[in-house]
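Hi,

Here is the structure I promised to pass on. Have a look at it first, then read my notes below.

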Amino acid sequence: MSQLRVALPPLAELELHSEVSCAWLDRHGQVSREERLTLRRLGQQPKQPPLLCFLHPADSLLASIDLPPLPANKTAAAVQCAAQALMLGDSSQMHIGHSPRDASGQVQIAWVSRQHLQRLAAVLKQAGLSLRGLYPAPYSLPVLPGVVACVADGHLLRRESLNSAQVEPLLGAEFDEASFAADATQRWIGPLPGWGLHGGLQQSGGEQRGWGRAVGCVALAVAVWVVGLNLYAAREARQGQQLKAQMSQRVKQAFPELPVILNPLQQTRQQLEQRQKGAVDDPAQNFNRLVLQAGTGMPFMAGSVERLSYRDGALQLALLSDANRGGNEKNWQSTLAQAGISVTADDEGWTLRPSDESSANTNEDDSGADDE
């Protein structure tokens, strides 16, 4: 697989027109072409693979620390604490990367400004380029027996192993030429370490994608709330039915003379009023008879009666607004007529009275009409 490796200028100075050193590696990992291009021109070239970028030596802040064997999550926390002692600025403004712990207990760490990472991401996006990896400058060097080194922009780059490397400023000191890469193209062919600093750019993208996850969580919470609300409503409905059944049973126990319970609260109140008034037996018997015939001949009324009223020997059943007023009225009215009960409909529901009283009233009305 071919690679495109890029040596970046200082991130604080990075612009779309900044020139960068580019090297194209073939399938065998050898340099096939080198060129200096601006990021804009590099993005205009067709079919460019994702970039493997190497920081400028001034941005390549590296250190090595000793750590005991720790779980992965605790290793990351220990690295954060150790890096704080090495930084001059606020560690919360830095993205910190680290290598795995080697056999000698060494962990290589590197850090870079989060603000500079955001600048790099913005410029690459403007150029239409994508990033595959971001590493400190020395990790472009090959890994050979001994130490491999080169000079870049007034800094000495040293690579000792796959994960271990150093960056030192040149202060006019002499150095051993034998330790340097023999060919200039060799500075591009080093194997990539198993860690880098590109995670800081991925985290920035993750923050933007976090809105989608947040919306998904909100939608899930709403769905759970709706399901819970429906379950709560169903439970409350069951409890209401159970309470109504318990009330009917208790009224039946308190007033065994009631033949049927249509409206527990209303019938209880009427029974108490009759007892307080010392009602005579005949009206009470007539009331019980009418209630019994209503419960027997009009079974569809159970649970549909809003109010009972008994006056002048007639029982009025006021129905709920959404109550069923009955199926074939002729069938059950004829049944009640055979039992001596007449039924008339009104705006609120039904009125029941003994048939003889109805006949008597009818006769009186007819006689009155004749008298007129």
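Let's start with a small open sheet of three strands, ordered β5-β7-β6 and paired antiparallel. Strands of a sheet pair through backbone hydrogen bonds. β5 (61–66) and β6 (94–98) are the edge strands: each has a single partner strand, so one side of each has no neighbour in the sheet. On average, neighbouring strands here are turned by 30° against each other, if you ignore direction.

Now zoom in on one pair. β6 and β7 (residues 106–113) run antiparallel and are joined by five bridges. If you want one to find on screen, look for G97, whose bridge partner in β7 is A110.

Two helices go with this sheet. Helix α2 (residues 72–86) packs on it and touches β5, β6 and β7, with its direction at about 125° to that of β6. Helix α3 (residues 114–127) lies across β6 and β7, and runs at about 65° to β7.

I spent some extra time on α2. It has 15 residues and spans 21 Å from its first C-alpha to its last, close to the 21 Å expected at 1.5 Å a residue. Which residues of α2 are buried? They are T75, V79 and A83. These cover an arc of only 70° around the axis, which means they sit on the same side of α2. The spacing helps you see the logic: an α-helix has 3.6 residues a turn, so residues three or four places apart point the same way. And what do the buried residues of α2 pack against? Strands β5, β6 and β7. On the other side of α2, you'll find N73, K74, C81 and A85 exposed.

One caution before you get too attached to every atom: this is a predicted model. The average pLDDT for the protein is 79, and 82% of the residues score at least 70. Among the elements, strand β4 (residues 51–54) has the highest mean pLDDT, at 95, while helix α8 (residues 355–371) has the lowest, at 47.

Two stretches need particular care. Over residues 203–210 the pLDDT stays under 50, and the model has five contacts for them beyond four places in sequence. Residues 357–372 also stay under 50, with four such contacts. Where pLDDT is low, the predicted coordinates should not be read in detail.

Have fun exploring, and shout if anything is unclear!

Cheers

Notes
Residues numbered from 1 in each chain as written. Predicted model: local features only at pLDDT ≥ 70, side-chain atom pairs only at ≥ 80, totals over all residues. Heavy atoms only, no water. Pairing = 2+ DSSP bridges. Helix = DSSP H or I, 4+ residues; strand = E, 2+ residues; numbered from the N terminus. Axes fitted to C-alpha atoms, helices over the stretch in contact; angles between N-to-C directions. Contact = heavy atoms within 4.5 Å. pLDDT = per-residue confidence, 0-100. Expected span 1.5 Å × (residues − 1). Buried < 20%, exposed > 50% of the residue type's maximum accessible area, 1.4 Å probe, protein only. Arc of directions from axis to C-beta.
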